[in-house]
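Biologist: Hi! Could you walk me through this structure while I have it open?
Modeller: Happy to, let's bring it up.

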Amino acid sequence: MSVKQLLYTITGNRELVPGVWEMTLGGDTSPITKPGQFVNIQLDGFFLRRPISVCDWDRDSLKIIYKVVGKGTAAMSGMQPGQKLDVLSGLGNGFDTAKCGQRTAVIGGGAGVPPMYGLAKALLGAGKTPIAVLGFNTAGEVFYEEQFRNLGIETVVTTVDGSYGQKGFVTGALPRSYDYFCACGPLPMLKAVYSATTTSGLLSFEERMGCGFGACMGCSCKTKYGNKRICKDGPVLEKEEIIW
């Protein structure tokens, strides 16, 4: 993992659905080498940086999708193109597409959907076939369905209340045929996916982080191989190593 502290320029910041925003940042993206990595953003007036997963990237820009849940992300939603942000880039281990199967289920729930988009693109680039399962609470929260479908992949959307797509949870919409899975979302969803899947897989964990690069030990979790730091040893862990 090659982490760099860089200045990025905001080139776009738009609301996708109420409370969920997509920000495009221009700058050096060389530290980002795998889908599922994240950036840690410094905001004026706030002590701790904000960790946000990378949704997509190319050579000179990256996209992040964030939900407004507090004062920091609220401040981000008011930012305009041309503003610059101090960013730690290339954090986390990301998803290893070489471990994924030929037919990999990419499962995202809510704020866990964005990194699965970058993963789906990477799997296609590796000659594999991703099948997307995206979970939300209600129709008003659904975002990026069109972007997944535009990749030409099978995409299933679920809502808990049945107001859009298939009613229920992502575990009720798993593909009939798949040989691996990757998932990102809230802890209850990851636990449910862990229990419902019959293949090996990778799970990306969401966690509060103090530093974002492994120094503070604030986001450690238990595994079969001892404590691991979600920010540095993760956020992606193998299904077989997890201790709930």
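Modeller: This is a predicted model, and a good place to start is the cluster that ring pairs make by linking Tyr117, Phe136, Phe143, Tyr144 and Phe148.

Biologist: Nice. How many aromatic pairs does the structure hold?
Modeller: Four aromatic pairs. One of them joins Tyr117 and Tyr144, edge-to-face, with 5.2 Å centre to centre and 90° between the planes.

Biologist: And which parts does that pair tie together?
Modeller: Tyr117 belongs to helix α2, residues 113-125, while Tyr144 sits in the loop between β8 (129-136) and α3 (145-150), so the pair connects parts 27 residues apart in sequence.

Biologist: Are those two tyrosines buried or exposed?
Modeller: Tyr117 and Tyr144 are both buried. For Tyr144 the relative accessibility is 6%.

Biologist: What about Phe143 and Tyr144, how do their rings meet?
Modeller: Their ring centres are 6.3 Å apart and the planes make an angle of 70°, so that pair is edge-to-face. Phe143 counts as buried too, at 6% relative accessibility.

Biologist: Let's stay with α2 for a moment. How far does it reach from its first C-alpha to its last?
Modeller: It reaches 19 Å with 13 residues, close to the 18 Å expected at 1.5 Å a residue.

Biologist: Which residues of α2 are buried?
Modeller: Val113, Pro114, Pro115, Met116, Tyr117, Gly118, Leu119, Ala120 and Leu123.

Biologist: And what do they pack against?
Modeller: The buried residues of α2 pack against β4 (50-57), β5 (61-67), β7 (103-109), β8, α3 and β11 (180-185).

Biologist: What follows the helix?
Modeller: Gly127 comes after α2, and its phi is positive, near 80°.

Biologist: Switching to sheets. What's the strand order in the open one?
Modeller: Seven strands run in the order β10-β9-β8-β7-β11-β12-β15, with mixed pairing. The edges are β10 (166-167) and β15 (236-238), each with a single partner strand, so one side of each has no neighbour in the sheet.

Biologist: How does β9 join β10?
Modeller: Strand β9, residues 155-159, runs parallel to β10, and two bridges join them. Thr158 stands opposite Gln166 in β10.

Biologist: I clicked on Thr159. What does it touch?
Modeller: Thr159 lies in strand β9 and is buried, with a relative accessible area of 0%. Setting aside residues up to four places away in sequence, Thr159 touches Phe136, Asn137, Thr138, Ala139, Val142, Tyr164, Gln166, Lys167 and Gly168. Phe136 is also one of the rings in the cluster we began with.

Biologist: Now the N-terminal strands. How do β1 and β2 pair?
Modeller: Strand β1 (residues 4-17) and β2 are antiparallel, with seven bridges. Asn13, for instance, has Met23 in β2 as its bridge partner. Their hairpin has two residues between the strands, and Gly19 there takes a positive phi near 85°.

Biologist: Does anything else pair with β2, and if so, which strand?
Modeller: β5 does: it runs antiparallel to β2 and seven bridges join the two. Val20 has Lys67 in β5 as its bridge partner.

Biologist: Which residues of β2 are on each face?
Modeller: Val20, Glu22, Thr24 and Gly26 are on one side, and Trp21, Met23 and Leu25 on the other. Both faces are covered, with all of those residues buried.
Biologist: That fits the usual rule that side chains in a regular strand alternate between the two faces of the sheet.

Biologist: And Gly26, what's around it?
Modeller: Leaving out neighbours within four places in sequence, Gly26 is in contact with Tyr8, Thr9, Thr11, Asp60 and Ser61. Gly26 and Asp60 are 34 residues apart along the chain, and their C-alpha atoms are separated by 5.8 Å. The relative accessible area of Gly26 is 17%, which puts it among the buried residues.

Biologist: Cysteines next. How many disulfides are there?
Modeller: The count comes to zero disulfides. Take Cys182: the closest cysteine sulfur, in Cys100, is 3.6 Å from its own, too far for a bond. Cys182 is buried at 0% relative accessible area, and Cys55 is buried with 0% as well.

Biologist: Last one: what sits over the ring of Tyr194?
Modeller: The charged end of Lys239, 5.6 Å from the ring centre.

Note on methods
Residues are numbered from 1 along each chain as its sequence is written. Side-chain values use heavy atoms; hydrogens and water are left out. Rings of Phe, Tyr and Trp (its six-membered ring) pair if their centres lie within 6.5 Å; planes under 30 degrees apart count as stacked, over 60 as edge-to-face and the rest as tilted. Helices (H or I, at least four residues) and strands (E, at least two) are DSSP runs, numbered from the N terminus. Buried means under 20% relative accessible area, exposed over 50%, partly exposed in between (1.4 Å probe, protein chains only). A charge sits over a ring if NZ of Lys or CZ of Arg is within 6 Å of the ring centre and within 35 degrees of the ring normal. The expected span of a helix is 1.5 Å times one less than its number of residues. Contact means heavy atoms within 4.5 Å. A disulfide is a pair of cysteine sulfur atoms within 2.5 Å. Two strands pair if DSSP finds at least two bridges between them.
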